[in-house]
Number of protein chains: 4
Amino acid sequence: MKRRLRMAMVGGGRDAFIGAVHRMAAGLDGRIDLVAGALSSTPEKSLASGRDLLLPDDRNYPTFEELIDGETGRDDGADFVSIVTPNHMHFPVAERALRAGLHVVCDKPMTLDVREAEQLVETVETSGLLFALTHNYTGYPMVKEARERVARGDLGRIRKVVVEYPQGWLAEDLESTGQKQANWRTDPARSGAAGCMGDIGTHAANLAEYITGLPIEELCADLTTFVPGRQLDDDGNVLIRFEGGARGVLYASQVSIDEENALAIRVYGERGGLEWHQEEPNTLQLKWPDRPRETMRTSGQGVAEITAYNTRLPAGHPEGFLEAFANIYRNFADCLIARLEGVEPPEAARDFPTVHDGARGMRFIDAVTRSTRDDQSKWTRL
Amino acid sequence: MKRRLRMAMVGGGRDAFIGAVHRMAAGLDGRIDLVAGALSSTPEKSLASGRDLLLPDDRNYPTFEELIDGETGRDDGADFVSIVTPNHMHFPVAERALRAGLHVVCDKPMTLDVREAEQLVETVETSGLLFALTHNYTGYPMVKEARERVARGDLGRIRKVVVEYPQGWLAEDLESTGQKQANWRTDPARSGAAGCMGDIGTHAANLAEYITGLPIEELCADLTTFVPGRQLDDDGNVLIRFEGGARGVLYASQVSIDEENALAIRVYGERGGLEWHQEEPNTLQLKWPDRPRETMRTSGQGVAEITAYNTRLPAGHPEGFLEAFANIYRNFADCLIARLEGVEPPEAARDFPTVHDGARGMRFIDAVTRSTRDDQSKWTRL
Amino acid sequence: MKRRLRMAMVGGGRDAFIGAVHRMAAGLDGRIDLVAGALSSTPEKSLASGRDLLLPDDRNYPTFEELIDGETGRDDGADFVSIVTPNHMHFPVAERALRAGLHVVCDKPMTLDVREAEQLVETVETSGLLFALTHNYTGYPMVKEARERVARGDLGRIRKVVVEYPQGWLAEDLESTGQKQANWRTDPARSGAAGCMGDIGTHAANLAEYITGLPIEELCADLTTFVPGRQLDDDGNVLIRFEGGARGVLYASQVSIDEENALAIRVYGERGGLEWHQEEPNTLQLKWPDRPRETMRTSGQGVAEITAYNTRLPAGHPEGFLEAFANIYRNFADCLIARLEGVEPPEAARDFPTVHDGARGMRFIDAVTRSTRDDQSKWTRL
Amino acid sequence: MKRRLRMAMVGGGRDAFIGAVHRMAAGLDGRIDLVAGALSSTPEKSLASGRDLLLPDDRNYPTFEELIDGETGRDDGADFVSIVTPNHMHFPVAERALRAGLHVVCDKPMTLDVREAEQLVETVETSGLLFALTHNYTGYPMVKEARERVARGDLGRIRKVVVEYPQGWLAEDLESTGQKQANWRTDPARSGAAGCMGDIGTHAANLAEYITGLPIEELCADLTTFVPGRQLDDDGNVLIRFEGGARGVLYASQVSIDEENALAIRVYGERGGLEWHQEEPNTLQLKWPDRPRETMRTSGQGVAEITAYNTRLPAGHPEGFLEAFANIYRNFADCLIARLEGVEPPEAARDFPTVHDGARGMRFIDAVTRSTRDDQSKWTRL
């Protein structure tokens, strides 16, 4: 490492959850310093939030537009912008940052709809800048091990995928209490066309595609809103078919009481299977037709190179959500540092979600909402 | 207990799996003696199989017809017949036994199709005889605890059900090797219209209905045959909707490598949730919105009366598949003994699956196969 | 199998726990019929208990002496006696039965003290009769797999053993409430010199020796009585050293609240390790220095012949406490049937605990109580 | 937060493991910047290691003495020194830093022997400076929850403690291969009088005392060196007695093959029990005599204030080893910032291990080595 990167953040002020996560993740590996922010939706809250973080006043901006103008106008300006606002602001901020020449890290879902997503793909491609989407669950070492095992052919041709993402925190009408997280996530204007499916169903779909390397080709969905008065789905069950013939089921829920964040996946091929649970992320089960089940462990016996590359600690020293999130930032940072130094990044560092993953997520949201229209469930292509 | 019961068995000879299970389950509680058999599909194998079990020659019958005639013709004849043949023989044996005045225990799925099932319901009702169907997974104490918790309203109105039943033993073309279990289960003439869905999907559907007390109203299925040359489905994913508005997903698979017999269910209501896994059957997780998750245990703290009634050992002494299976026989036997003694059976003993459960299973098979026709997936009523 | 065996039972009447376990275990495999009993400590309770079980009046004996006389005096008399009384009666009943020519199955701990144990060893050897001790935990398939793995050398020379047996049911002064199980187990006159260590510590010691094949050579114990007024230890921690240099720790407790019956063992050698938990008995973890941990499963991939021999069901159909217990009876029965038929038993059937295991148990109790005298802890040889 | 802290580091250069951990932990919460280092035992390696971390040349010191002199001689000098060397250097560096007026964070075990530890206690007390010892496992939220539960009396008077710490990485003679971590840890000159017991046994003892609030009063140990040629113990089993009458067992091992870092503790009192495993750190089991077992979760239902204070993420977002480690630094930093600002720190921030915990660790090492002398095992007071 020859230099550190300067990060500006949009969103993530007081009351936000994901902003602090991004800051801890970005800072973990000593490559990135937060130098500027437009941290909230009102100038007052933005400034107060920036002072909490000891941002200097001249880089503590009231609006994202001023941040982009300010940072691109100084020699020691930010190298990239991290966008951690509610969903509806991802697109305008990302567009403006990219057009101003700033690289971008963006939270997911990437935009409000497919149209915006396609526009953003074009902007990223035209600009030639780096764009990382924080589909953070793919940052776990054991998820990378899973992907590698499938890619190597250890499981044979994939037949069946079961991916699930139950949560319980929206089992009651939390949004009416004014809770900020619940509030914007259940509001179509800020969240988009899907609620639960947009917030966490996209993670499940992304995880399935990342591990199997197979695109979801079509799906047949049954979305439900269980909490009276809620405007968006809070639960959904989806039949899925992948390119190449694999089939499966994906479900997500935010009304599954006492489920915390229980993303999990099982994949079965012609020669083996695997299973991973986000809440015990350092374990990967491997299943074989002719020998006992194996338990791979982060930093443990026999892990792949790409897995070790995304691991910081020896076996038995649990790595968690922040470390996985940090892998996205670390890999993005190593690619960006390399670019700024005019060298090639390590091959392994290229492994982070991009604008294309973001666009697939938007197509997934679009397909599940179209499939379930009028309470029917129709096979719908992504 | 004032007397023991005499059991005749049809099917379950050499090479059979489930026959031995029925014999161990029937014998476990000292209420039932095997006294006669027609144990296989050919007279020679029947007689040899009976000798293995030390059946006297005069009650070791070459055919089921002779068994029924013989046993009803003697004073010390069998009280009931246990039918453990491949599926296609359930109906003819049960019909004949009932018409001859013998009570019946029958393996599942109950018949080859809905028509046979409806006929059998009528015969049972006309005869007034006892008929138990061995949907054995409902015999587990913790399944009964789950049912009781839902019935009491602890979980509130049910919203979401996830029930799954993956196995891996048919991941390859085992039937072509001559393996007997694989052979008949993949043959439509002996197994019926569904493969995996008939063999184990019916258990999953029955478990969901038993625990929630809610009938499945309609379903939308995607069945697949992954192993080339196989005639019946070996994997299936099903969206389900229950009467009263609960929704969910049911899946079953026999190509999920290294899954043994991983039936599991999660149920979520407006006020709580629960989770049970057949492979660790003595544990039931209870999930609450406002306090830590609780782990109920067979014979442990706070179990319901009906649960204790179906438990034989103190906490920490694991009960398994046979004990659950034996609960079906024990409860059936207590009802039959009571009837023979002219008394009322204990209320708790009435809790075993009946001909109506069998008929629902056949309607489930019928609906999943209709729903998935032409590789479409249509909402189909049971 | 050419014939069934006739069993007489001493002890195990109303209010007893272990008697019903022995009857279910003995009957599970269709080899053994209960034909006679002296089921309780008073003639009245004995007779009432026998009627519960439908024993004919002429074989429902008021005392064990009459049972032994009666059964040896008839042509169709019992082949063996099963002794399921409190500990202090094991020796007198076993002695008298053996001297009368009856084979014996006896619960553990075998006698009240080492002197009785040595006498019983002599009587068994002189008589030439079969004697099985129900150290039932060694009947689990995965325990046999563990033993086989060590015997084959897969783990290399053994270094470390951790065996633990916590229970919580005596955390309060249950014996003063009149609870029968607590009552005799905490009474030195009926239980022997040790409480918790005799009741369950002996199981732990037996399990460690059975799996490793190594005798405990010396131990250093710290026994405690936590519940005021109790006469015997209810908790104990023991340093152990095995012949050949392995070391370890054994602990047992009956005051560990909410532990049910949590017997567990871990064994580590120079080349590998293993772990087994009684409450999830169908799983055996295998640990290696150079490859991922393996999970062996009852009836699963790669189990040894001796393991399969002691298994009744396919993988994923949980076998439990009764099935393990039944393996002791089944193996004993196969040896006894073979002897009565004048043939050699299957080699695998010889695998059940004998009078020598019982004697080792008594030496273990003797050593822990001597080691801990005056609240000191001295290395003491068995 | 009004300001950030400046940290200098001694040790932790290339090839070191724990240095990187300290840097990530110190940086996680945005309160601490690394500004200076003397990172290795030779000037060349020190300088190279500092350049890896982008330290400016004038604060990249060849020796710790120069670092202390340099940093205390500048206005923007380090606020504290973090000592992450092998054990034998902890004392000299800490002494010199404290005498120069620098606050200290120090790895454990604190010193080479009790004498040094007592000296250091005196120096810390005389200086009035802050001193944190990184007994990092006490930083886990669920460990704090456990401590709180005991302190509140939920478990009643404590009776039994089982604490274990098996690892497998030294099952072979790794030190002879030149592996740096193995090398110094098995060398008495750099590691101290104990090997495994010093390295990880001290963590186990500290965890037991932290959670129960009870000092270990005496112990009876059996330490072993299994790997031929090794100079220090690589395995040990210890009987322990706490002040107030609780008893238990502590064991640690570095030859338990395929155990990664399996620190775990169970505590039982008169009214309840608890269980925690470091490798699944976000779960705490609570055990009750009269209701089902409860599973507390980091950020989950019903956690104590002190637990929430040490948690960064919502439930189901796993926190790991680094986050726990970071809690030590965060709490230390908040106390130090408060002091520098002249205000009182938050009460909850005072909860980090101090020089007194370090001294107890040295007494534990001293006691286990004295207890086990000549392969005897004698009760020895701490």
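# Notebook: domains, strands and the B–D contact

**Entry 1. Domain contact in chain A.** I looked up how the domains of chain A meet and found 13 residues of domain 1 of chain A in contact with 15 residues of domain 2 of chain A. On the side of domain 1 of chain A that touches domain 2 of chain A, I noted 7 nonpolar, 3 polar and 3 charged residues. I record here that this is a predicted model. The division I used gives domain 1 of chain A as 5-129, and domain 2 of chain A as two segments, 138-313 and 360-381. Taken over C-alpha atoms, the centres of domain 1 of chain A and domain 2 of chain A are separated by 27 Å.

**Entry 2. Strand 1 of chain A.** I turned next to the start of domain 1 of chain A, which begins at residue 5. Strand 1 of chain A covers residues 5-10, and I found 5 of its 6 residues buried, which leaves this strand mostly covered. I then asked which strands it pairs with. Strand 2 of chain A, residues 32-38, is joined to strand 1 of chain A by 6 bridges, and the two run parallel. Within this pairing I located Met7(A) opposite Leu34(A). I followed the chain from strand 1 of chain A through helix 1 of chain A, residues 18-27, to strand 2 of chain A, and this β-α-β crossover is right-handed. Strand 3 of chain A, residues 80-83, is also parallel to strand 1 of chain A, with 4 bridges between them. Met7(A) appears here again, with Phe80(A) in strand 3 of chain A as its bridge partner. My picture is therefore of a strand 1 of chain A that has bridges to strand 2 of chain A and to strand 3 of chain A, with Met7(A) taking part opposite Leu34(A) and with Phe80(A).

**Entry 3. Strand 1 of chain C.** I repeated the search in chain C. Is strand 1 of chain C enclosed or open? Because 5 of its 6 residues are buried, strand 1 of chain C (residues 5-10) is largely enclosed by the rest of the structure. I found 6 bridges to strand 2 of chain C, residues 32-38, in a parallel arrangement. Leu5(C) lies opposite Ile32(C) in that strand. The connection from strand 1 of chain C to strand 2 of chain C passes through helix 1 of chain C, residues 18-27, as a right-handed β-α-β crossover. A further 4 bridges lead from strand 1 of chain C to strand 3 of chain C, residues 80-83, again parallel. For Met7(C), I noted Phe80(C) as the bridge partner in strand 3 of chain C.

**Entry 4. Chains B and D.** I then examined the contact between chains, where 10 residues of chain B meet 10 residues of chain D. The chain B side consists of 2 nonpolar, 4 polar and 4 charged residues. I looked for strand pairing and found strand 13 (residues 293-297) of chain B joined to strand 13 (residues 293-297) of chain D by 3 bridges, with the strands antiparallel. In this pairing Arg293(B) faces Thr295(D).

I also superposed the copies. A turn of 180 degrees with a shift of 0.0 Å along the axis lays chain B on chain D with an RMSD of 0.0 Å. This is the relation of a two-fold axis. Glu294(B) has the C-alpha nearest the axis in chain B, at 2.3 Å. Since 100% of the interface residues of chain B are also interface residues in chain D, I conclude that the copies meet through the same surface.

**Entry 5. Backbone geometry.** I closed with unusual backbone values. The peptide bond between Lys108(B) and Pro109(B) is cis, with omega about -5 degrees. Pro109(B) sits in the loop between strand 4 (103-106) and helix 5 (114-127) of chain B. In chain C, a cis peptide bond joins Lys108(C) to Pro109(C), and omega is about -5 degrees. Pro109(C) belongs to the loop between strand 4 (103-106) and helix 5 (114-127) of chain C.

Ser299(A), which is not a glycine, has a positive phi of about 70 degrees. I placed Ser299(A) in the loop between strand 13 (293-297) and helix 10 (305-309) of chain A. Is it buried or partly exposed? Ser299(A) has 19 other C-beta atoms within 10 Å and is therefore partly exposed.

Asp375(D) is likewise not a glycine, and its phi is positive at about 60 degrees. Asp375(D) lies in the loop between helix 12 (355-371) and strand 14 (380-381) of chain D. Because it has 10 C-beta neighbours inside 10 Å, Asp375(D) counts as exposed.

Note on methods
Residues numbered from 1 in each chain as written. Chains lettered and ligands numbered in written order. Predicted model: local features only at pLDDT ≥ 70, side-chain atom pairs only at ≥ 80, totals over all residues. Buried ≥ 20, exposed ≤ 12 C-beta atoms within 10 Å, placed from the backbone. Domains from an automatic or database assignment. Contact = placed C-beta atoms within 7 Å. Nonpolar A, V, L, I, M, F, W, Y, C, P; charged D, E, K, R; others polar. Pairing = 2+ DSSP bridges. Least-squares fit on C-alpha atoms with pLDDT ≥ 70 in both. Right-handed = clockwise from strand over helix to strand, strands pointing away.
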